[in-house]
Amino acid sequence: MISSDRELESEELVDEAIRSGATPIGEVGDRQRVTVQGTVSVVTLNPNERHHWLEAELTDGSGTVKLIWMGRHTISGVDPGRRLRVEGLVNHDGRTAIIYNPRYKLLA
């Protein structure tokens, strides 16, 4: 079977996360405290009048988790394409895994 570049990259991201001791995002459960690692795919500022928060989507090839930092407009280094290691409590909103105000580490 021939794998696409995207499939190979996804496999590499999952393998790297597992080797570092992180949980694959596709395996996280609701209300579970986890450490996950991956690449930021999207960053969005939610400028709601009542709530200001920064949202990012982190993917590791096995799944995606939404990261929400409440009260933040920007976080230096949290940009699309950047790799992060994140710790926090997972909440599921329907099918979406979310970590609010996660601790994070920028990776090289």
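Before you start clicking, one yardstick: a residue is called buried under 20% relative accessible area, exposed over 50%, and partly exposed in between (1.4 Å probe, protein chains only). The model in your viewer is predicted, so local features need pLDDT of at least 70 and side-chain atom pairs count only at pLDDT 80 or more, while totals for chains, interfaces and linings use all residues. Residues are numbered from 1 along each chain as its sequence is written, and side-chain values use heavy atoms, with hydrogens and water left out.

**Stop 1: a loop with an unusual backbone angle**

Select Asn101, in the loop between strand E5 (96–100) and E6. Helices (H or I, at least four residues) and strands (E, at least two) are DSSP runs, numbered from the N terminus. Asn101 counts as partly exposed because its relative accessibility is 42%. Now check its backbone: phi is positive, about 45°, although Asn101 is not a glycine. Most residues other than glycine have a negative phi.

Where is the loop that holds Arg31? Look between H1 and E1. Arg31 is not a glycine either, and its phi is positive, near 60°. With a relative accessible area of 55%, Arg31 is exposed.

**Stop 2: the helix and its charged patch**

Next, select helix H1, residues 5–19; Glu12 is in this helix. Add Asp5, Glu7, Glu9, Glu11 and Asp15 to your selection: together with Glu12 they form a patch of negative charge on the surface. Patches here are made of residues with over 30% relative accessible area and no salt bridge, with like charges joined within 9 Å and nonpolar side chains (Val, Leu, Ile, Met, Phe, Trp, Tyr) within 5 Å. For the signs, Lys and Arg count as positive and Asp and Glu as negative; His and the chain ends are not counted. Glu12 counts as exposed because its relative accessibility is 56%.

**Stop 3: strand E1 and its two partners**

Colour strand E1, residues 33–46. Which strands does E1 join? One is strand E4 (residues 83–93), which runs antiparallel to E1 and is joined to it by 7 bridges. Another is strand E2 (residues 53–59), also antiparallel to E1 and also joined by 7 bridges. Two strands pair if DSSP finds at least two bridges between them.

To see the pairings close up, select Val34 and find Gly88 of E4 opposite. Then move to Val40, whose bridge partner in E2 is Leu58. As you look along a strand, keep this in mind: in a regular strand the side chains alternate between the two faces of the sheet.

**Stop 4: the salt bridges**

How many salt bridges does a search of the whole structure find? There are 3. A salt bridge is a side-chain nitrogen of Lys or Arg within 4 Å of a carboxyl oxygen of Asp or Glu. Side chains of opposite charge can pair when their charged atoms come close.

- Show Glu16 and Arg83, whose side chains meet in a salt bridge with 1.9 Å from N to O. This pair links distant parts of the chain, with Glu16 in helix H1 and Arg83 in strand E4, 67 residues apart. Glu16 is partly exposed at 25% relative accessibility, and Arg83 is partly exposed at 22%.
- Show Lys66 and Glu55, a salt bridge with 3.9 Å from N to O. Lys66 lies in strand E3 (residues 64–70) and Glu55 in strand E2, so the pair ties together parts that are 11 residues apart in sequence. Lys66 is partly exposed at 25%, whereas Glu55 is buried at 18%.
- Show Glu87 and Arg103, where the closest N and O atoms are 3.7 Å apart. Here too distant parts of the chain are linked: Glu87 is in strand E4 and Arg103 in strand E6 (residues 103–107), 16 residues apart. Glu87 is partly exposed at 36%, and Arg103 is exposed at 60%.

**Stop 5: two distances from strand E4**

Finish in strand E4 with Asp93, which is exposed at 55% relative accessibility. Draw a distance from its C-alpha atom to that of Asp30: the two are 63 residues apart along the chain and separated by 9.3 Å.

Then select His92, also in strand E4 and partly exposed at 31%. The C-alpha atoms of His92 and Ile18, 74 residues apart along the chain, are separated by 22 Å.

Definitions and conventions: Accessible areas come from the Shrake-Rupley method with a 1.4 Å probe; for residues, only the protein chains shown count as cover. The place of a charge is taken as NZ of Lys, CZ of Arg, CG of Asp or CD of Glu.
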